[in-house]
Amino acid sequence: MTRRTTDVAILGAGPAGLLMSWALRLHGVSSIVVESASRHHVLNRQRAGVLEQSSVETLTHFGLGERIASEGIVHSGVNLQAGGVRHRIDCADLVGRTITLYSQRDVMHDLSLAHTTNNSDIVYNATHVSVHHLATAHPEVRLATSRGDVTISADFVVGADGFHGLSRTLLPASMGTGSHHTYPFAWLGILANVAPSSSELIYALHNSGFALHSMRSPEVSRFYLQIDPSDTIQHWPDDRVWEALATRLEVPGWSLRTGQITDKTTVPLRSYVAPTFAFQRLFLVGDAAHIVPPTGAKGLNAAIADVRLLATAFADHYAGADDSLAGYAAAAMAHQWRVQQFSQGMTELLHRPTSEFAYRNQLGRLDYLSRSPHAQRSFAEQYTGEAFQPMDAEFTPSGNTNTTRPHKIARILHR
């Protein structure tokens, strides 16, 4: 049995867990990350691809923005379509903010490189992971590795291991199961080796269902189609996929490029918010705390916002101020419910319901949105994400004028 100590033990080496560990390092707080999957599996999962401006600002401030700046695809607007009419929402003009297309896989690459360069403490392929003594000053994470059993004693445990991970199950049953919502439709996700047919995303409501045209690079496009939750990939051969996309995305004078489809996946649409994001010495971030439907592209961005809040709170704690740590759960949950309402609203606005009345109602709402600058401004503000206070201010712990911590950050970032 090997015994180890650290400030914060982190469960999960996905984007929330790795970013949490990296942010803590920059704040001078130690951590050990525990992951049950292999490093290869974690780094190669295909997930989200849209970063809000605040997420880009956060990652850049943490020294992770070099490739985002050079390879990210910045969009100043987004297209909404219904009834064969496409309308562009100019987010940059309306609210002065943009989105950047940069995949979660790329974010993970940048995080992994930063951690590897700085010899961060990350344990992959951990088995028999359990958490003990959360009510004490030094909770423990126990696990088995190929080299033997390990017990990690920490001041705090961060759960960043997703909806199906261990962390969420550590909340007591007396708190309830949280808030759930399941949508009556799903997505078929398609990745294709074909240049995008649009310079910006297209969200389309069509009588036969929703469609989304996105992109991964100048040579690779990403598409989504509304399907029934019981539908399977086998029901969607390539010809049917391209026909459905062409029909649902069609507008006069525009045509869809087609190419080799390299990947198909089905995506259930659901929402979830845990009953709390903090319990005793456990704090939840990312999918361990909440799930959103992918329509508004808020999942990864919400995880980054959680990490931003919690990393600052831990920095304050180790500087002698506990107000922000005590308030993390309330602040993160309030932000999450703002995210949830937008994601649900966008999902229900753009997916074909079974009721003809509801469908006509959606067309009316989209028509109003295309005509009202005030409605467009509200949409643009929510779509591009909340503007948080500058990160520089957050790196000075509240009530503390010590300036040595930012210097440590600079030394790490410029290695």
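Mentor: A salt bridge is counted when a side-chain nitrogen of Lys or Arg lies within 4 Å of a carboxyl oxygen of Asp or Glu. Please keep in mind that the model we are discussing is predicted.

Trainee: What makes the meeting of the Asp-106 and Arg-67 side chains a salt bridge?

Mentor: The N-to-O distance between Asp-106 and Arg-67 is 3.3 Å, and the limit is 4 Å, so the pair qualifies. This pair links distant parts of the chain, with Asp-106 in helix H6 (residues 104–117) and Arg-67 in helix H4, 39 residues apart.

Trainee: How do you know that Glu-71 also forms a salt bridge with Arg-67?

Mentor: The closest N and O atoms of Glu-71 and Arg-67 are 3.1 Å apart, which again falls within 4 Å, and the pair is therefore counted. Here both residues belong to helix H4 (residues 66–71), where they are separated by four residues, or about one turn of the helix.

Trainee: Why is Arg-67 called partly exposed?

Mentor: The class covers the range from 20% to 50% relative accessible area, and Arg-67 has 21%, so it counts as partly exposed. Glu-71 is placed in the partly exposed class because its relative accessibility is 45%, and Asp-106, at 25%, is likewise partly exposed.

Trainee: What makes Arg-88 and Asp-90 a salt bridge, and how exposed are the two residues?

Mentor: Their closest N and O atoms are 3.2 Å apart, and a distance within 4 Å is what the term asks for, so the pair is counted. Arg-88 is partly exposed, with a relative accessible area of 34%, and Asp-90, at 26%, is partly exposed as well. Salt bridges with shared partners join another set, Arg-67, Glu-71, Asp-106 and Asp-110, into one network. Over the whole structure, the search finds 14 salt bridges.

Trainee: Let us turn to the sheet. How do you know that E5 and E13 pair, and in which sense do they run?

Mentor: Two strands count as paired from at least two bridges, and E5 and E13 have four, in the parallel sense. One position to look at is Asn-79, which stands opposite Ile-202 in E13.

Trainee: What makes E13 and E14 a pair, and what joins them?

Mentor: E13 and strand E14 (residues 209–215) share five bridges in the antiparallel sense, and as at least two are required, the pairing is accepted. Tyr-203 has Leu-212 of E14 as its bridge partner, and a hairpin of two residues joins E13 to E14.

Trainee: Why is E13 described as largely enclosed by the rest of the structure?

Mentor: Four of the five residues of E13 are buried, so the description follows; buried here means under 20% relative accessible area.

Trainee: How do you know that E12 and E15 are partners?

Mentor: Strand E12 (residues 179–193) and strand E15 (residues 221–227) are connected by seven bridges in the antiparallel sense, against a requirement of at least two. Within this pairing, Leu-191 stands opposite Arg-222 in E15.

Trainee: What is the order of the strands in the open sheet, and why is one side of E6 and of E19 left without a neighbour?

Mentor: The eight strands follow the order E6-E5-E13-E14-E15-E12-E16-E19, with mixed pairing. Strand E6 (85–90) and strand E19 (290–291) stand at the edges and have a single partner strand each, so one side of each lacks a neighbour in the sheet.

Trainee: Which strands does helix H12 lie across, and what makes its contact with H10 uncharged by class?

Mentor: Helix H12 (residues 373–384) lies across strand E5 (77–82), E6 and strand E13 (202–206), at about 70° to E6. The axes of helix H10 (residues 328–350) and H12 come within 10 Å and cross at roughly 115°, and the crossing is left-handed. Gln-341, Phe-342 and Met-346 in H10 meet Phe-379, Gln-382 and Tyr-383 in H12. By class this contact has four nonpolar, two polar and no charged residues, as Phe, Met and Tyr count as nonpolar, whereas Gln falls among the polar residues.

Trainee: How does the contact of H10 with H11 divide by class?

Mentor: H10 and helix H11 (residues 356–371) pack at about 115°, with axes 8 Å apart. Gly-345, Glu-348, Leu-349 and Leu-350 in H10 meet Gln-362, Arg-365 and Leu-366 in H11. This contact has three nonpolar, two polar and two charged residues; Glu and Arg count as charged, and Gly is placed with the polar class.

Note on methods: Residues numbered from 1 in each chain as written. Predicted model: local features only at pLDDT ≥ 70, side-chain atom pairs only at ≥ 80, totals over all residues. Heavy atoms only, no water. Contact = heavy atoms within 4.5 Å. Axes fitted to C-alpha atoms, helices over the stretch in contact; angles between N-to-C directions. Left-handed = near helix turned anticlockwise from the far one by under 90°. Buried < 20%, exposed > 50% of the residue type's maximum accessible area, 1.4 Å probe, protein only.
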